[in-house]
Each structure stands twice: as structure tokens, then as C-alpha cells.
Amino acid sequence: MKKKIETKRNVITSHNEPGFNYGYINSPFIQFDYARKATFLVYNGRLMPISFEDSNRIDDYWSLKRNAAMYPTGELPLEIKGADSEKLCDNIFTKDIKKLRVGRCLYGIACYPDGGMIVDGILMRLEQELFWYVQAEGQIYSWLIAKSEGLDVKISNPNIWVNQVQGPLSLDILYAACDDFKPNSFNYFDNAKVIIAGQEVVISRTGFTAEIGWEYYVSPKTDTNLLWNHLMSVGEQYGLIHSGLDSMDIRRIEAGIMNSGSDFDHTMNPYQVGLGKFVDLNKDHFIGKAALEVAPKDKLILGVLCDKSEPMVLGEVSVNGVNIGLITASAWSPYLKSGIGYARLINSEHKSGEEIEIYGIDGIKHVAKLIELPFYDKEKKIPRGLKFREPIN
């Protein structure tokens with residue numbers, strides 16, 4: 001009998017002792033994480049809570065699906081400001097930035113000249129000559145600086161921190177929390193400035209869960225204690241919880257949302273990641289366009305469905321004993337009653353519906369199946385607030 005393969009996870013924990021914290025900075029909301037004995041990971045040089053001692057990912061997942069959850073995140077907003085800000089953004093990102101109106105956001109991918117992906121994130125147009133790029137983990141700050149040479153534009157880190165409120169009741173919480181904000185005036189991928197707890201706060205109708213949701217952005221001027229306590233107090237009647245990455249991660253995998261640096265990297269182009277619809281080859285120019293016009297466009301990432309076990313991250317994916325890829329992300333989906341994950345394939349010969357073998361987190365090999373992403377709600381009716389017919393389990 002083959003020995004079971006074991007899996008480990010490394011996390012950061014806090015200790016009541018003096019000393020310097022190397023390699024990261026703390027969120028202005030971290031005292032609320034410490035109070036619940038959080039474990040963390042480092043994301044964009046920032047601590048992001050994964051889990052809490054007094055809760056579990058499955059209960060929190062159902063709170064997200066049924067009510068609402070608030071997530072401190074490690075997203076990093078960079079500011080792009082000046083007369084040539086649109087010109088720079090249009091050169092950097094694969095979508096046509098000239099079409100992005102003030103008060104709107106878009107999903108922005110930046111590529112190298114060879115078409116490989118640098119990073120992804122949300123590009124927000126706050127003013128005609130002011131953008132925030134809310135990046136996932138990746139190296140783009142220096143790239144923006146280098147590509148801005150000779151342009152009337154300033155790139156900076158404005159020290160903005162981002163939290164998400166996600167779930168079917170999240171907009172009810174927003175309307176109840178704001179001093180003056182009209183219901184039904186906040187559409188999917190809008191951004192706006194609102195007054196919450198007497199303070200001006202930038203918000204966007206975006207998130208990492210594919211549920212209805214919104215994000216809020218705080219600056220060094222924000223009274224974060226007042227804001228947090230106000231939102232949690234208002235949200236109590238709607239079942240709002242404070243949660244960590246683990247419960248969000250289940251939902252983002254169900255939704256087919258990719259994580260920069262783990263699900264894809266610079267060796268892959270947007271088409272191979274399944275993000276080709278966010279590339280506008282009709283625009284005049286962007287960095288990487290020439291390469292993407294002739295690049296391979298078959299997907300190299302597919303979903304994995306295994307009813308026996310959660311797939312093991314970085315475990316081998318095989319067919320008839322031959323390695324065809326690896327698992328980049330996984331979870332147990334309570335909604336689908338199955339283990340789910342992503343398979344990053346070596347080549348595009350393998351297609352949806354094909355039977356494969358994977359290692360589960362139990363260390364045992366299991367039969368699984370490749371499927372197209374996302375696992376359900378392919379038209380993204382849920383985050384848009386539209387009616388959605390649930391899959392049959």
C-alpha cells in the first residue's frame with residue numbers, strides 16, 4: 001500500500017511579546033482580528049486574516065451565502081493621477097480605458113510585451129484625471145513608474161486599505177449604514193463617495209466572492225474604529241459577521257475567480273487563464289497586444305469536481321498514470337456537496353468532462369472530473385442582483 005501524502009499549511013500567528021514585524025504592515029482594523037485570535041497570511045506586504053479561533057470556514061461560508069460577511073483584505077490601491085493618466089492606463093491595461101467613465105470600475109489586466117500576465121485588479125475612475133488600481137498581489141508599481149516616463153502623471157501609494165462586505169444582504173447594510181445614499185442607485189462595478197458614520201468613504205460595487213457585495217476604502221484620515229463599530233452595529237440585524245479568507249476562498253473557487261501568483265503567473269496569457277474576454281484587441285495599442293494577437297488561446301485552467309475529497313493544492317493531476325497538470329486551488333463546497341478546485345494543465349489537449357485522478361487532502365488518490373468554470377452562475381446573475389436558478393445537487 002502506498003504511503004498517504006500529507007499536506008501542510010503555514011500561517012502567521014501573533015504573540016504578546018516585543019520585537020519587530022519583518023516584511024509586512026498591519027491593517028488599521030487589525031485589533032479586531034487580534035481580539036478573535038486570528039491567523040494570517042501576507043498579501044501585498046499586508047497581513048490578511050485567514051481564520052479565527054472562535055469560528056469555522058463552513059459556518060462563515062453559509063453566513064456569506066445567506067446573509068453577509070465583512071472581510072479585511074490585502075488588496076493594494078495605487079493612485080494614477082494627472083493629465084496623462086488615461087493615456088498611461090490605456091497603454092498598460094488590456095481593456096479600452098477611454099471608455100471607462102468617472103464613477104465606474106473595470107477588471108484590469110496588465111501584461112508584459114510577450115503577453116504574459118503581470119497582475120490583475122480593479123481599475124476605478126474616481127475623476128477624469130484620477131484612477132485607483134486596486135491590485136491583487138503582484139509587481140506592478142515599478143512597472144507603472146517605468147512606463148510613465150515622459151508623461152504628465154504621478155504614481156503613488158496613497159496608503160488606502162480595503163474591506164469587503166459581501167452577501168445577499170450586503171446592500172441592505174450599505175443603505176442602512178450611509179447617512180444619505182439612495183437605494184438602487186449603485187450598480188454592479190460602480191464606484192461612489194458616501195458618508196458613513198459621518199465620514200466620507202469611497203466604495204465600489206465589487207468583491208472577491210461573486211455574491212452581491214461592495215468594498216470600502218479607508219485612508220489615514222478615516223476613524224477606522226468608529227467606521228468598523230458602526231458597520232457591525234448596523235449589520236447585526238442583517239446577520240453580518242466578521243470573517244477571514246477561508247470562507248471567501250470557497251466561494252471564489254465556486255465562481256471561477258483566479259488568484260494572481262498562485263492560479264496564474266507571468267508565463268501564462270489571459271486566454272490560457274480563461275480571461276480572454278477582458279482583452280480588447282480592437283484598441284489601438286497596449287503593452288502585449290502584438291504578442292496576444294498571435295498567442296495560443298486554448299484554456300490551461302479548468303475546474304475539478306471530486307465528490308470524495310477536497311483536492312490537495314499542488315497535488316498532481318493525472319490521466320492513466322500520466323501527469324497532465326497540478327491543482328492550484330481547492331475547497332470543499334457545502335453548496336455543491338463536493339470537493340472543488342482548479343487544475344492548471346500542461347497543455348490544452350484535455351477538455352471539460354474528462355475523467356482524471358487527483359490526490360485529496362486525505363492523502364489518497366481519487367477519481368475526479370474536469371469541468372468548465374465557473375461551477376455555477378455562469379452569467380454572474382448573483383453579483384448583479386438578478387434571479388438565479390440553483391443547480392440540482
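This tour moves through the aromatic pairs of a predicted model and then to two arginines placed over rings.

Begin with the aromatic side chains as a set, for which a search of the whole structure finds 15 pairs. Select phenylalanine 32 and tryptophan 228, whose ring centres are 4.7 Å apart; their planes meet at 10°, under the 30 degrees that marks the limit for stacking, so this pair counts as stacked. Now show the secondary structure around the two rings: phenylalanine 32 belongs to helix α1 (residues 30-34) and tryptophan 228 to helix α6 (residues 224-235), so the pair ties together parts of the chain that are 196 residues apart in sequence. Phenylalanine 32 is buried, with a relative accessible area of 17%, and tryptophan 228 is also buried, at 4%.

Next, select tryptophan 132 and tyrosine 217, an aromatic pair that is tilted, with 5.9 Å from centre to centre and 50° between the planes. This pair links distant parts of the chain, since tryptophan 132 lies in strand β8 (residues 130-135) and tyrosine 217 in strand β13 (residues 213-218), 85 residues apart. Tryptophan 132 is buried at 8% relative accessibility, and tyrosine 217 is buried with a relative accessible area of 4%.

Return to phenylalanine 32 and tryptophan 228 and add Phe29, Trp214 and Tyr216 to the selection, which then displays one aromatic cluster.

Finish with the two arginines. Select arginine 36 together with phenylalanine 52, and you will find the arginine over the face of the ring, at 4.1 Å from the ring centre. Then select arginine 46 with tryptophan 161, where the arginine lies over the ring face at 3.8 Å from the ring centre.

Technical notes
Residues numbered from 1 in each chain as written. Predicted model: local features only at pLDDT ≥ 70, side-chain atom pairs only at ≥ 80, totals over all residues. Heavy atoms only, no water. Phe/Tyr/Trp six-rings, centres within 6.5 Å; stacked < 30°, edge-to-face > 60°. Helix = DSSP H or I, 4+ residues; strand = E, 2+ residues; numbered from the N terminus. Buried < 20%, exposed > 50% of the residue type's maximum accessible area, 1.4 Å probe, protein only. Lys NZ or Arg CZ within 6 Å of the ring centre and 35° of its normal.
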